[in-house]
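Me: I should like to learn how side-chain contacts and exposure are read from a structure. Please take the features one at a time, with the general idea before the case.

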Amino acid sequence: MSSPVNSPYALRVRDLAHRPGEMREHSLDVEVPDAMGAGVIAVRQGAPMHLDVRLEGLHEGVLVSGHASAEAFGECSRCLIEISEPVEVDFAELFAYDVSEDFDFFVRDDHVDCEPVVRDAVVLSLPFQPVCRPDCPGLDPETGERLADLEDHTPREVLDPRWAALGGFRASDDSSTPDQSPEGDGLTSA
């Protein structure tokens with residue numbers, strides 16, 4: 001396993017190790033080494049990310065909590081135009097001293113590497129189907145044009161093919177139909 005010291009998210013915790021009650025805060029500006037997210041929207045590789053991190057010494061390990069902010073870029077899932085969306089997430093995780101404990105993260109070489117914790121928080125906050133605006137109409141299914149750009153677009157009425165046979169049926173004003181009397185018996189008086 002590679003050393004966490006090489007990660008831009010790594011923080012030294014030697015002064016906090018095994019000192020419950022000690023606390024330190026950091027403010028980091030990192031360049032995202034690998035894209036966070038996949039699919040339609042992601043925080044791209046090389047994008048700037050700001051982290052406000054709080055490190056607290058506990059009996060079991062170091063509690064790492066903080067806030068991350070960045071900008072995610074992608075496409076609107078309805079009309080496919082380029083969009084950007086701010087990403088603001090909070091995170092917290094305990095980094096244990098002892099690897100035999102039932103924890104997911106550990107203090108290694110007197111450092112904690114916040115990258116997996118930040119990555120999980122950022123990826124889970126990204127929208128599954130991002131849109132450029134909540135009422136985005138999408139694309140025209142026939143022409144592929146963006147509906148928001150069309151001035152007077154009226155959608156073509158699509159008739160269910162199961163009812164197509166009834167399309168030629170029209171109520172006629174034929175005189176052979178009996179007149180309706182006010183009594184509703186359908187008979188005409190002579």
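Reply: Let us begin with exposure in this predicted model. A relative accessible area under 20% is called buried and one over 50% exposed, with partly exposed in between. E56 has 25% relative accessibility, so this residue counts as partly exposed.

Me: Which side chain does E56 meet in a salt bridge?

Reply: The general criterion is a side-chain nitrogen of Lys or Arg within 4 Å of a carboxyl oxygen of Asp or Glu. Here E56 meets R54, with 3.7 Å from N to O. R54, at 35% relative accessibility, is likewise classed as partly exposed.

Me: How many salt bridges does the structure hold?

Reply: There are six salt bridges in the structure. Among them is the pair R14 and D110, whose closest N and O atoms are 2.8 Å apart. R14 lies in the loop between β1 (10-12) and β2 (23-31), and D110 in the loop between β7 and β8 (111-113), so this salt bridge ties together parts that are 96 residues apart in sequence. R14 is partly exposed at 49%, and D110 is partly exposed at 27%.

Me: Where do R44 and E82 lie?

Reply: R44 is in the loop between β3 (41-42) and β4 (48-57), while E82 belongs to strand β6; the pair therefore links parts 38 residues apart in sequence. Their side chains form a salt bridge at 3.5 Å, N to O. As to accessibility, R44 is partly exposed at 40%, whereas E82 is exposed at 56%.

Me: How should an aromatic pair be read, and how many does a search of the whole structure find?

Reply: One reads the distance between ring centres and the angle between planes: under 30 degrees is stacked, over 60 is edge-to-face, and the rest is tilted. The search finds one pair. The ring centres of F95 and F105 are 5.4 Å apart and their planes stand at 40°, so the pair is tilted. F95 lies in strand β6 (residues 82-96) and F105 in strand β7 (residues 105-106), so the pair connects parts that are 10 residues apart in sequence.

Me: Is F95 buried or exposed?

Reply: F95 is buried, its relative accessible area being 2%. Its partner F105 is also buried, at 16%.

Me: Which residues form a nonpolar patch on the surface?

Reply: The patch consists of L159, W163, L166 and F169, which together have about 510 Å² of accessible area. F169 is placed in the segment after α1 (115-125). With a relative accessible area of 65%, F169 is exposed.

Methods:
Residues are numbered from 1 along each chain as its sequence is written. This is a predicted model: local features need pLDDT of at least 70, side-chain atom pairs count only at pLDDT 80 or more; totals for chains, interfaces and linings use all residues. Side-chain values use heavy atoms; hydrogens and water are left out. Rings of Phe, Tyr and Trp (its six-membered ring) pair if their centres lie within 6.5 Å; planes under 30 degrees apart count as stacked, over 60 as edge-to-face and the rest as tilted. Helices (H or I, at least four residues) and strands (E, at least two) are DSSP runs, numbered from the N terminus. Buried means under 20% relative accessible area, exposed over 50%, partly exposed in between (1.4 Å probe, protein chains only). Patches are made of residues with over 30% relative accessible area and no salt bridge: like charges are joined within 9 Å, nonpolar side chains (Val, Leu, Ile, Met, Phe, Trp, Tyr) within 5 Å. Accessible areas come from the Shrake-Rupley method with a 1.4 Å probe; for residues, only the protein chains shown count as cover.
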